[in-house]
Each structure stands twice: as structure tokens, then as C-alpha cells.
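Student: Please take me through one part of this model in close detail. I would like to look at the main nonpolar core and what surrounds it.

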Amino acid sequence: MDFTFQDLSGTFSVADIAIAMSLSFVLSAMIGWIYRATHRNVSYSQSYVQTLVILGMLISLIMLVVGSNIARAFALVGALSVVRFRNAIKETRDVGFIFLVMGVGMAVGTRFYLLAIVAAVAVSLIIVIMHRFNWFQLNTRRQVVKVQVPSDDDYTLVIQDVLIQHTDEFELVSMESIRGGALLELMYTVKIKKGHEPADVITALRERNHGQPVTVLTGYDQTDL
């Protein structure tokens, strides 16, 4: 019995389909686990990782369908152009994983199996190494400090005295009138001294601004009182 499908784009067997789907699933799932293991922020999404696996398999399927047929490729581009995705990517790193599974899926779908395996393993290994040794980390601890003060007096020098005690350097970047002019919101970029924490800055500022809100924005989270 002949299980071979024949069309204008070429010939592929049931075995080719099984290998492409299985290999794209395994490699995409591996990339998904690498993403999960190296994710640091609080924006982790299980559905995003599952989408990575599905995307890798779909790209592999699409490449099998397209084959070497240029007309079919253009038709596919036209069909996919009507799709609109409105979910914003939360991290630029997530875009890299999308392109990674797409590249692996394309390699598998065009039957470059060895290339797909080597590329997926090599890139995943690089991601793990960068995560393990914290490559390209900027050791400068810079935060944004937002403090609200009554507008009936000049609190600039008072706030600067606190920042001098707790930071190595700071810069006033904006001053805004809020709550109908009753309060001023001062925004500074600061480099907190070693041994000091954002909570220390908040406590010291709240002692000077009569208990008005103080916010310290860091690279990974937000401390607010």
C-alpha cells in the first residue's frame, strides 16, 4: 500500500509528516522549558509558552505545505496578512524565543533535521549560559523616585538632603502639580548607595513630606507606600 502524497510541490510520505511533527514538538517543547527555567520577571505566562510549542509545529506544517511552490507561498502570505495580533509582547526577550521556534520549525518543515536540532540545542545552551552567569548585567543600581510634597512651601532642598544621604548621585527630571495644585510631584533618577535599600529611601522621605505618597521604581519591581 502506497502512503505517498503527490502534488505540484513535490513528494513527502507519512513518515516525513510524522518526523516533522514529532521533531518540531520536541524541539519547541525544549525551547519552552528553557524559557520557563530562565525567566526572571513576574510576567511569566503559561499560555505564551504553550503558544511557542504550537507555533513551532505550525511553522513546520506550513513549510511542508508550501514546499518549493512559489505561488503557494505568496498565497499563504496573503492569507496570513489578514490576521491581527493585539497582545503586546511584554519583554523583548520573548520576541527572540518566537523567532527561535519559527526558525526551528522552518528548518524541520524543509527537512533540514540536523540543522534544526543543532540550532535549537546551540541557542538554548547559549541562553542557559547567559542566564547562569548573568551576562551583560549592569551593576549600577538606578531607580526612579517619585515623591509628593505640599505645594505651599519649597521642599526641594529637604528632599535633596535625604537623597544625598542615601544615594551616590541623583537628578531631578520632572516637577508636576497634581490634585488641583495642592501637591507637587517630584521625580528623580537616583543611584542608591551600597548597603541602602529602596525602603530606606521611602522611610526617610515620608518623614520629610508629611506622609505624602513616595514611590521607588526599580528595574524589576515597584516599591510603593
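Tutor: The largest nonpolar core of this predicted model has 19 residues. Those that touch the most other members are Leu-27, Ile-31, Tyr-48, Phe-97, Val-104, Val-108 and Ala-116. Four elements each give two or more residues to this core: α1 (14–38), α2 (46–66), α4 (92–109) and α5 (113–132).

Start with Leu-27. Leaving out residues up to four places away in sequence, Leu-27 touches Val-104, Val-108, Ala-116, Ile-117 and Ala-120. Of these partners, Val-104, Val-108 and Ala-116 also appear among the core residues that touch the most other members.

Now α2. The buried residues of this helix are Tyr-48, Val-49, Leu-52, Val-53, Gly-56, Ile-59, Ser-60, Met-63, Leu-64 and Val-66. Tyr-48 is also one of the core residues with the most contacts to other members. The length of α2 can be checked. The helix has 21 residues, so at 1.5 Å a residue it should span 30 Å. The end C-alpha atoms are 30 Å apart, which agrees. Gly-67 follows α2, and its phi is positive, near 60°.

Next, the charged pair. A search of the whole structure finds one salt bridge. The side chains of Arg-111 and Asp-16 form it, at 3.7 Å from N to O. Arg-111 lies in the loop between α4 and α5, and Asp-16 lies in helix α1, so the pair ties together parts that are 95 residues apart in sequence. The two residues differ in burial. Arg-111 has a relative accessible area of 36%, which makes it partly exposed. Asp-16 has 18% and is buried, because the cut-off for buried is under 20%.

The database record covers these helices too. In an unreviewed entry, UniProt places the feature "transmembrane region" at residues 12–35, 47–71 and 112–133. Over residues 12–35 the chain is 92% helix and 8% strand, with end C-alpha atoms 32 Å apart. Over residues 112–133 the chain is 91% helix and 0% strand, and the end C-alpha atoms are again 32 Å apart.

Beyond this core lies another one, apart from it. That core has 17 residues, among them Val-147, Leu-163, Val-190 and Val-214. Glu-185 touches one of these residues, Val-147. Glu-185 sits in strand β5 (residues 183–192). At 16% relative accessibility, Glu-185 counts as buried. Setting aside neighbours within four places in sequence, its contacts are Lys-146, Val-147, Gln-148, Ser-174, Met-175, Glu-176 and Ile-178. Take Ser-174: Glu-185 is eleven residues from it in sequence and 8.1 Å from it in space, C-alpha to C-alpha.

Last, the setting for both cores. The protein chain has seven helices and seven strands. From the N terminus on, the order is β-β-α-α-α-α-α-β-α-β-β-α-β-β. Of the 225 residues in the chain, 32% are buried. Contacts between residues at least 6 apart in sequence join residues at least 24 apart in 69% of cases. The accessible surface of the chain comes to about 14200 Å², and carbon and sulfur atoms account for 63% of it.

Methods: Residues numbered from 1 in each chain as written. Predicted model: local features only at pLDDT ≥ 70, side-chain atom pairs only at ≥ 80, totals over all residues. Heavy atoms only, no water. Core = buried A, V, L, I, M, F, W, Y, C linked by side-chain atoms within 4.5 Å. Buried < 20%, exposed > 50% of the residue type's maximum accessible area, 1.4 Å probe, protein only. Contact = heavy atoms within 4.5 Å. Salt bridge = Lys/Arg side-chain N within 4 Å of Asp/Glu carboxyl O. UniProt positions renumbered as here; feature names shortened; annotations may be inferred. Expected span 1.5 Å × (residues − 1). Areas by Shrake-Rupley, 256 points an atom, 1.4 Å probe, with all protein chains shown as cover.
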